[in-house]
Amino acid sequence: MSAFPSRGRALPALVLTFFFCTAFAASAADPKAIQNELNKTAAEYSRLQTEQAKTEAKIEKLESDLEKADEVIHQKAQLVRERSRYLYKSGGAGDYIETLMLAEDFAVFFRRIQLLEMAGNNDTKLVDGIRITQERSEELKASLEDTRKRQQKVSENLKKKQAQLAQQLKAAEGAAKASKAASVRLGRLPNFDSFTLPMRPSAFANTWGAPRSGGRRHKGTDVMAACGAPVVAVTNGAISNLSSGGNGGIMLYLRAGNGDVFFYAHLRGYASGISSGDRVEAGQLIGYNGNTGNARGGPCHVHFEWHPGGGSPVNPYPLLAAVR
């Protein structure tokens, strides 16, 4: 994720922390209000991520179109230079007239007239083609400039929203601990004996299929929480495929008793003693929230996927929202 420095004067981090902590502590008696505020900020952050991905894709397309337009101009300009060079070496129009006058008969004369007319028309089309392509090139350059400005503005807003979300999550975590509401809450869902969120308190939005950088589509739900927050097993099952590297950073899979598989990515690390093959229960600590892999530099979160029966991923948002 590209980042640009925020403009204008920013409040010191200490003041921001005090503001958010005070606001969340004041509403600690109303966890629903806290959650609604977190959800709203997470949704806005996700919207900005999508907007940034779209502007990046538009920039890539404009740059490609501009490169093609410049190539067309270069090719046509080369043709004009070759035609001019030929006319210069052949003595110009005089040779054309001589060619016509030396025609053996009227049929040959007429055919040569037609050929010269076609050549003239082709020259005109060639010049017109260059002019039209140049105009298109200038339009593309202007659009590219506007899009880049838009991308910078979106990136600045994204950075501000990221900082706001981080402060809110940190304050919400403090408020939850103060009110003894940070314990794992288990719910019952069809096909699962028990189910819980990967982290509490946390924020997430329905971003299934949303555009992401590099032309990708989002195939999970980003569950955001304070950096280093405990990450737990969402249901009873077995841990598998602990690995690290690539886009996912530090990752693991959890295979539920019914055969469904849940994928966790961008962890900061695993819980002590956790290894592949371990049986775990819903709510058991398995890792810690982070931003490893291609999430580096962004807000700490768990990229969470649901693979029913171990197959292709489907939208996990309804599962998570059901136990929020």
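Two strands count as paired here if DSSP finds at least two bridges between them. The model on screen is predicted, and this tour follows one strand, β13, and its partners.

Start with the whole chain. Its 324 residues include 41% that are buried, and its secondary structure amounts to five helices and 13 strands. The accessible surface is about 18,000 Å², and carbon and sulfur atoms account for 55% of that. Of the contacts between residues at least 6 apart in sequence, 70% link residues at least 24 apart.

Next, select residues 301-307, which form strand β13. Seven of these seven residues are buried, so the strand is largely enclosed by the rest of the structure; buried means under 20% relative accessible area.

Now show the side chains of β13. Which residues point one way, and which the other? H301, H303, E305 and H307 point one way, while V302, F304 and W306 point the other way. The residues of both sets are buried.

Add residues 221-224, strand β5. This strand runs antiparallel to β13, and four bridges join the two. To find a matched position, select D222: the residue opposite D222 in β13 is H303.

Then add residues 261-267, strand β9. Its pairing with β13 is also antiparallel, with five bridges between the two strands. Here select F263, which stands opposite E305 of β13.

Finish with β5, β13 and β9 displayed together. H303 faces D222 across the β5 pairing, and E305 faces F263 across the β9 pairing. Both H303 and E305 belong to the set that also includes H301 and H307, pointing one way from β13.

Notes
Residues are numbered from 1 along each chain as its sequence is written. This is a predicted model: local features need pLDDT of at least 70, side-chain atom pairs count only at pLDDT 80 or more; totals for chains, interfaces and linings use all residues. Side-chain values use heavy atoms; hydrogens and water are left out. Buried means under 20% relative accessible area, exposed over 50%, partly exposed in between (1.4 Å probe, protein chains only). Contact means heavy atoms within 4.5 Å. Accessible areas come from the Shrake-Rupley method with a 1.4 Å probe; for residues, only the protein chains shown count as cover.
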